[in-house]
Amino acid sequence: MSTAYHSQYYAYELTKRCSSEKLEKLSQSLFNATVDMNPHQIEAALFAFRSPLSRGALLADEVGLGKTIEAALIISQLWAERKRRILIVVPTSLRKQWNRELIEKFFIPSQILETRVYNILKKQGWSNPFELNNEIAICSYHFARSKAGDIRRIRWDLVVIDEAHRLRNVYKKSAKIARAILEAVQQYPKVLLTATPWQNNLMELYGLTQFIDPHIFGDEVSFRSLFGRGNDLNDHHFADLKARLRPICQRTLRKQVTEHILYTNRLAITQDFTPSDHEQRLYDEISEYLRRDQLLAMPSSQRQLITMVFRKLLASSIERTRPM
């Protein structure tokens with residue numbers, strides 16, 4: 001039988017503040033989750049909670065290490081603390097995946113906001129459909145841009161941006177979607193998820209940090225003057241770059257978690273192949289055709305991609321089945 005004392009004790013356990021250095025910080029979310037978690041995922045979630053001087057964190061684990069689980073742990077803990085104004089902005093193709101994993105693995109309800117649902121809620125009298133009751137809002141990049149005004153009017157407890165590298169050109173005036181999302185959520189705590197925070201240019205890394213804390217590197221001119229040389233950075237500037245990123249960026253590599261995750265070794269096997277006369281003739285004639293200056297069969301804007309597809313088809317085949 002539960003007494004008033006027990007009720008008060010359980011309420012305290014749910015709401016007490018724990019140090020972000022301790023596992024107890026995630027006790028409620030760990031208790032409820034129905035997913036096997038690895039130590040690096042728990043550490044990433046704790047890292048996001050203890051990010052000291054910024055308004056969020058960049059979780060940049062390599063592909064396949066469970067960044068979605070890390071973000072869901074953070075969401076689950078905030079949910080247990082009754083901080084439930086949470087927005088998840090993702091590529092269109094990932095909306096249903098997030099919706100499904102939140103309910104199946106963490107028992108947290110969510111609503112995918114798109115034009116049809118948005119209009120229905122508007123007709124039902126909702127002044128701002130993003131202001132859901134005990135549901136997480138999930139929307140695509142494009143929808144977030146189109147409804148940036150609605151998003152800006154809500155005091156979010158957390159904004160999660162998945163595949164955040166798609167927004168890393170936010171410092172460019174031409175990046176309209178990224179800039180609209182940044183302006184809408186800039187003042188709220190954020191968690192950015194990406195396996196590739198930097199691909200070709202350090203300015204991409206600068207762009208991602210603008211979502212979390214625009215003061216880390218200062219303005220664009222200052223960043224370019226300090227780190228614009230990319231691979232030519234000297235030891236001093238490289239150390240400075242890492243020091244500035246350390247409080248907001250957590251990255252785990254596959255080689256660091258082999259103790260907990262067993263990966264299948266993939267061995268490349270090369271096999272010699274000699275095409276028949278007919279196969280060689282087909283390859284040569286199609287190659288000659290693709291090298292023509294003008295081709296009416298394909299648009300010039302897509303010629304490079306289609307040519308690559310044709311060459312892949314010419315370089316592969318399925319096993320022939322002998323007639324019975």
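# Why these labels?

Modeller: Leu282, Tyr283, Ile286, Ser287 and Leu290 of α13 meet Arg303, Thr307, Phe310, Arg311 and Leu314 of α14. Contact here means heavy atoms within 4.5 Å. By class, this contact of α13 with α14 has six nonpolar, two polar and two charged residues. The classes are fixed: Ala, Val, Leu, Ile, Met, Phe, Trp, Tyr, Cys and Pro are nonpolar, Asp, Glu, Lys and Arg are charged, and the others, Gly among them, are polar.

Biologist: What kind of model is this, and how are its residues numbered?

Modeller: It is a predicted model: local features need pLDDT of at least 70, side-chain atom pairs count only at pLDDT 80 or more, and totals for chains, interfaces and linings use all residues. Residues are numbered from 1 along each chain as its sequence is written, and side-chain values use heavy atoms, with hydrogens and water left out.

Biologist: Why are α13 and α14 called roughly antiparallel?

Modeller: Their axes come within 11 Å and cross at roughly 175°. Axes are lines fitted to C-alpha atoms, for helices over the stretch in contact, and angles run from 0 to 180 degrees between N-to-C directions. Under 35 degrees counts as roughly parallel, over 145 as roughly antiparallel, 65 to 115 as roughly perpendicular, and the rest as oblique. The α13 and α14 pair is therefore roughly antiparallel.

Biologist: What makes α3 and α4 oblique to each other?

Modeller: Helix α3 (residues 39-49) and helix α4 (residues 67-80) pack at about 55°, with axes 8 Å apart. That angle fits none of the named ranges, so α3 and α4 are oblique. The α3 side of the contact includes His40, Ile42 and Phe49, and the α4 side includes Ile69, Leu73 and Leu78. By class, the contact of α3 with α4 has nine nonpolar, three polar and one charged residues.

Biologist: What does right-handed mean for the crossing of α3 and α4?

Modeller: A crossing is right-handed if the near helix is turned clockwise from the far one by less than a right angle, and left-handed if anticlockwise. The crossing of α3 and α4 is right-handed.

Biologist: How do you know that threonine 252 is buried?

Modeller: Its relative accessible area is 8%. Buried means under 20%, exposed over 50%, and partly exposed in between (1.4 Å probe, protein chains only). Threonine 252 is therefore buried. This residue sits in the loop between β7 (249-250) and α13 (277-290). Not counting residues up to four places away in sequence, threonine 252 touches His40, Asp61, Glu62, Leu65 and Val257.

Biologist: Why is valine 90 called buried?

Modeller: Valine 90 has a relative accessible area of 0%, so it is buried. Valine 90 is found in strand β2. Strands (E, at least two residues) and helices (H or I, at least four) are DSSP runs, numbered from the N terminus.

Biologist: What makes arginine 82 exposed, and what makes asparagine 134 partly exposed?

Modeller: Arginine 82 has a relative accessible area of 58%, so it is exposed. Asparagine 134 has 43%, so it is partly exposed.

Biologist: What is the phi of arginine 82, and of asparagine 134?

Modeller: Phi is near 65° in arginine 82, a positive value in a residue other than glycine. Asparagine 134 has a positive phi of about 55°, although it is not a glycine. Most residues other than glycine have a negative phi.
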